[in-house]
Amino acid sequence: MTEKYCFTVGDDGQKSLDLLDITFNDQSKYFLNKHGLQQGMSVLDIGCGLGAMTQFIAEMVGDTGSVVAIDNSENQIKAAKHRCPEHLQARINWQVADVYDLEKLEKRFDLIYCRFVLHHIHKPRLALSQIAKILKPDGIYIGIEGIVNNVFSIPDNAAWRSNNFPIEVEEGTGRNGNIGKILPTLIRGTTMNCIDAVIYQPMLLSSSIRQLLLVGECFESKQHQIEGGHLTETEWQKKYDDLKACIDDESILIGFYAANFTASRKVK
Ligand SMILES: C[S@@+](CC[C@H](N)C(=O)[O-])C[C@H]1O[C@@H](n2cnc3c(N)ncnc32)[C@H](O)[C@@H]1O
């Protein structure tokens, strides 16, 4: 099975990342600060997407710090660079690079931040070993990864309920949307110690935020689902209509994806 990122990249992909930014950025900023993000640090942001969190990190490290932001999509890097305000550009080195090839960066970091990337790739153990290699001794890895099985609706609605995907996927055989759940276990197999892990799950309350769910769940994955033979066009339309009805019914509570916020320290 070849690895292929299943969402739109570049400016057109903003809507699906909007929902992640709205629901997870505040908690991500809190967690980075809690684990020592500070002025003067050298930081790597892996799979930076459109760079909203990269900008926050660049603000925090200040003029004496530096950020390398990588993504394996050229379009994503181009769009992220374009969105970045002028005063932060000098602090950020944007690069097209793969999480599997981190040694090619030829740099060691005080802190490595990586959010919602390992659950898209097929060899997360390999990626974690790369991350551990390029952390400075005592450096910090902040890994935030999804647990898609945790989604729920109350009252329970078939349009938005757990997919019951496997919790463990054999390395190299496919992506694991529940990797957040086992991230501390995977980290144990590296030269890093996991020192904090918190599962956080936002609920989607406002109508405008709930509508964004249709973008990621339906439009974004439409091509992937149909081309991949997972759904026919008619099945996709039914899935869309059912989810829209669920979202439009404000009496139904919607629990979004959960994510495990982990902090790990490189062994000296
Ligand atoms: C769901 S987005 C997350 C973006 C951002 N980290 C955030 O939390 O908003 C996943 C990102 O990882 C990038 N990506 C996927 N596979 C990658 C790989 N092997 N190496 C580097 N980046 C990758 C995608 O292009 C995409 O921008």
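What follows is a walk through one predicted model, from the whole chain to single residues. Because the model is predicted, local features need pLDDT of at least 70 and side-chain atom pairs count only at pLDDT 80 or more, while totals for chains, interfaces and linings use all residues. Residues are numbered from 1 along each chain as its sequence is written.

The chain has 8 helices and 10 strands, where helices (H or I, at least four residues) and strands (E, at least two) are DSSP runs numbered from the N terminus. Along its principal axes, the C-alpha trace spans about 50 × 40 × 35 Å.

Of the 268 residues in the chain, 37% are buried, a word used here for a residue with 20 or more other C-beta atoms within 10 Å of its own, whereas 12 or fewer make it exposed and anything in between partly exposed, with C-beta atoms placed from the backbone. The largest nonpolar core, a set of buried Ala, Val, Leu, Ile, Met, Phe, Trp, Tyr and Cys residues joined through C-beta atoms within 7 Å, holds 65 residues, and Val43, Leu111, Ile112, Ile131 and Ile142 touch the most other members. If residues up to four places away in sequence are not counted, Ile131 touches Leu102, Ile112, Cys114 and Tyr141, contact meaning that two C-beta atoms, placed from the backbone, lie within 7 Å.

Gln38 offers another view, since this residue is found in the loop between α1 (14–34) and β1 (42–46) and is partly exposed, with 13 other C-beta atoms within 10 Å. Gln38 and Met60 are 22 residues apart in sequence, yet 5.9 Å apart in space, C-alpha to C-alpha.
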